[in-house]
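Visitor: Could we go through this structure together?
Guide: Certainly; please have it open in front of you.

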Amino acid sequence: MAAGILVWSECPALALELLGKARRLADAAAGEVSLCISGDVGAAELEVYAANGADVVYVTETSEVDAARWASVLGVVIARSRPSLVLIGATKAGLEVAPRVAERTEAAYAAWAVAIEIDPTTGATTASCMVYAGAGVAKYRFSRGVTVLTAAQGAFEASELEGRAARAESVMLPNEMPEITVLSQRTKATGGARLEEAKTVVDIGRGVKELDDLEMIRSLMSLLDAQLGCSRPVSSDRDWLPEWLGLSGVKVKPELCLTIGLSGAIQHMVGIRDSRVVAAVDNDQDAAIFTQADIGVVADLNEFLPVLIERLQARGARPIWV
Amino acid sequence: MKILALAKYSLDVAEIRVDSASGALRMTGVPQRFGDLDKGAVEVAVRLKETSDAVVEVLCLGPPAARAATKDVLAMGADEATVIEDPYDGAADAAVAARVLEAAIRKRGPFDLIICGFASDDGYSHQTGPRLAERLGLPFVSYAREISLEGGVLMADRDLEDGIQTVSVPLPAIVSVAEEAFVPRRVTLLQAMKAQKKPTNMWSLEQDLGLSEEALDKVSGYSVICETGIVVDRKQHMLKGMDVTEMADLFIDMLVEEEVLALKGGG
């Protein structure tokens with residue numbers, strides 16, 4: 001059975017990663033890969049999507065990331081192309097669109113996929129998905145016509161191939177009145193830090209109480225040649241940093257991840273557990289972070305960090321790669 | 001006005017241990033409670049009740065043990081709670097849970113506003129809000145931070161991936177609350193005592209909702225082949241109770257040993 005795979009994410013980098021995985025699955029099962037996107041698609045864009053694995057690019061005019069609208073678009077494309085698998089990026093928008101699509105198409109849906117296989121003879125999909133907020137992985141066998149899976153950035157790799165071609169098809173939607181009126185929108189500050197490539201990450205949690213403390217942390221970062229990451233509350237609640245590390249955020253694998261004032265909640269640890277060395281500083285000796293760290297320091301941040309900075313300087317300590 | 005808060009009696013995932021030899025998840029003894037996200041949904045409902053004439057109900061698909069815990073959310077200010085006894089022991093697929101919740105909402109409703117966490121603490125799959133929006137045909141405002149009601153219109157700030165969006169929507173509607181956006185209030189002893197007298201209904205799938213487990217079993221469309229835990233194998237060296245300078249030096253020594261740091265002149 002030919003396995004058609006449909007890919008959608010509003011995040012371009014994530015869409016290419018899912019395309020890469022879809023291409024590898026489709027090649028093994030002799031299927032077609034389609035991508036759904038919005039906006040104008042010229043010859044140059046089509047070439048990029050083709051190189052990244054798409055056979056068909058469905059183009060729609062929806063510009064806003066409105067989950068209900070995107071669920072309608074994907075519903076139309078699914079009815080037209082009848083894929084056996086739909087891969088959606090596990091962003092906030094994607095995680096809202098996927099269950100909506102599952103309800104509309106009666107598809108089976110599982111979130112947080114980290115591995116996917118399609119049986120070349122039966123066409124049946126199996127997938128390993130993170131469960132219990134990342135504490136475990138469950139392997140599922142799907143038995144339905146359409147399977148929907150979401151996967152986060154970093155779960156799969158994009159891959160480019162030359163000499164591939166794709167065709168574009170437009171998707172027209174009936175005019176639906178949006179259910180929700182958008183009154184205003186402000187963009188969060190962008191970080192620009194290349195967290196995924198950093199060799200050292202300083203990862204701050206709610207234990208870092210004052211924005212002024214960041215100055216001290218930045219001195220430490222410059223000594224350690226580090227980039228700054230944080231937990232979701234620090235990003236979402238306080239708006240200090242645009243990106244967070246964790247299950248729903250960025251995943252890093254540096255040589256050293258130094259957590260400061262971080263409790264060690266599993267949703268967050270998913271983002272840093274591939275670090276080679278994890279070191280943690282926190283004042284609560286019972287914090288879960290200490291069972292998940294190689295080196296733990298139980299201390300008040302404002303007492304320990306200034307002394308650590310002073311000792312690093314006095315002893316001329318530098319990362320070995322600097 | 002009637003407001004419904006959905007609250008899952010969820011596993012405390014921080015207490016899930018993994019057998020490092022077999023990789024098996026040790027699920028026995030993992031405590032269950034209404035998580036902060038679920039209590040956050042109740043918190044929003046109670047705050048809205050304080051500025052309007054709303055009646056607040058709480059709905060939970062959970063084990064019989066959840067009955068006692070409903071007194072915690074009733075103490076926060078909710079008026080009545082309903083627990084649907086969960087034959088799946090908390091492990092129901094979100095598609096199944098949505099059908100059960102939908103049936104209960106239709107029976108107890110109509111509600112002007114339904115509030116839930118953006119995800120459950122244990123499943124964390126972000127599905128209940130969107131699925132109910134589809135099934136009930138209601139507008140859905142996800143990841144809300146600020147929420148207010150005026151003249152039958154709900155206003156909210158949505159915490160999106162790259163921005164904050166202010167939206168309005170006429171009721172009835174469903175709202176999911178963002179993480180940490182609404183810290184659940186502490187309750188007084190008096191509130192806790194009063195809550196004991198507030199009603200908690202215990203419902204069963206078949207008798208009260210007319211649903212059959214057999215039919216629901218066919219809904220999810222997948223089966224579990226196996227479940228394994230992610231083994232965290234860290235060295236767990238601890239530095240505590242020492243002079244901070246001593247700890248800083250030992251910390252640096254350990255990072256040198258781990259080949260992360262190098263010292264000038266090797267000292």
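**Strands, helices and the chain contact**

Guide: Strand 11 (residues 181-187) of chain A and strand 11 (residues 163-170) of chain B run antiparallel, joined by 6 bridges; strands pair if DSSP finds at least two bridges between them. The model is predicted: local features need pLDDT of at least 70 and side-chain atom pairs pLDDT 80 or more, while totals for chains, interfaces and linings use all residues. Residues are numbered from 1 along each chain as its sequence is written, and chains are lettered from A and ligands numbered from 1 in the order in which they are written.

Visitor: Which residue of strand 11 of chain B is the bridge partner of A:Ser184?
Guide: That partner is B:Thr166.

Visitor: How many residues does each chain bring to the contact?
Guide: Chain A brings 76 residues and chain B 71, where contact requires C-beta atoms, placed from the backbone, within 7 Å. On the side of chain A, helix 4 (residues 92-105) gives the most, with 9 residues. Helices (H or I, at least four residues) and strands (E, at least two) are DSSP runs, numbered from the N terminus.

Visitor: Changing topic, is helix 1 of chain A largely enclosed or open?
Guide: Helix 1 of chain A is largely enclosed by the rest of the structure, because 13 of its 18 residues are buried (20 or more other C-beta atoms, placed from the backbone, within 10 Å of a residue's own).

Visitor: What comes just after helix 1 of chain A?
Guide: A:Ala30 follows, with a positive phi of about 55 degrees.

Methods. Two residues are in contact if their C-beta atoms, placed from the backbone, lie within 7 Å. A residue is buried if 20 or more other C-beta atoms lie within 10 Å of its own, exposed if 12 or fewer, and partly exposed in between; C-beta atoms are placed from the backbone.
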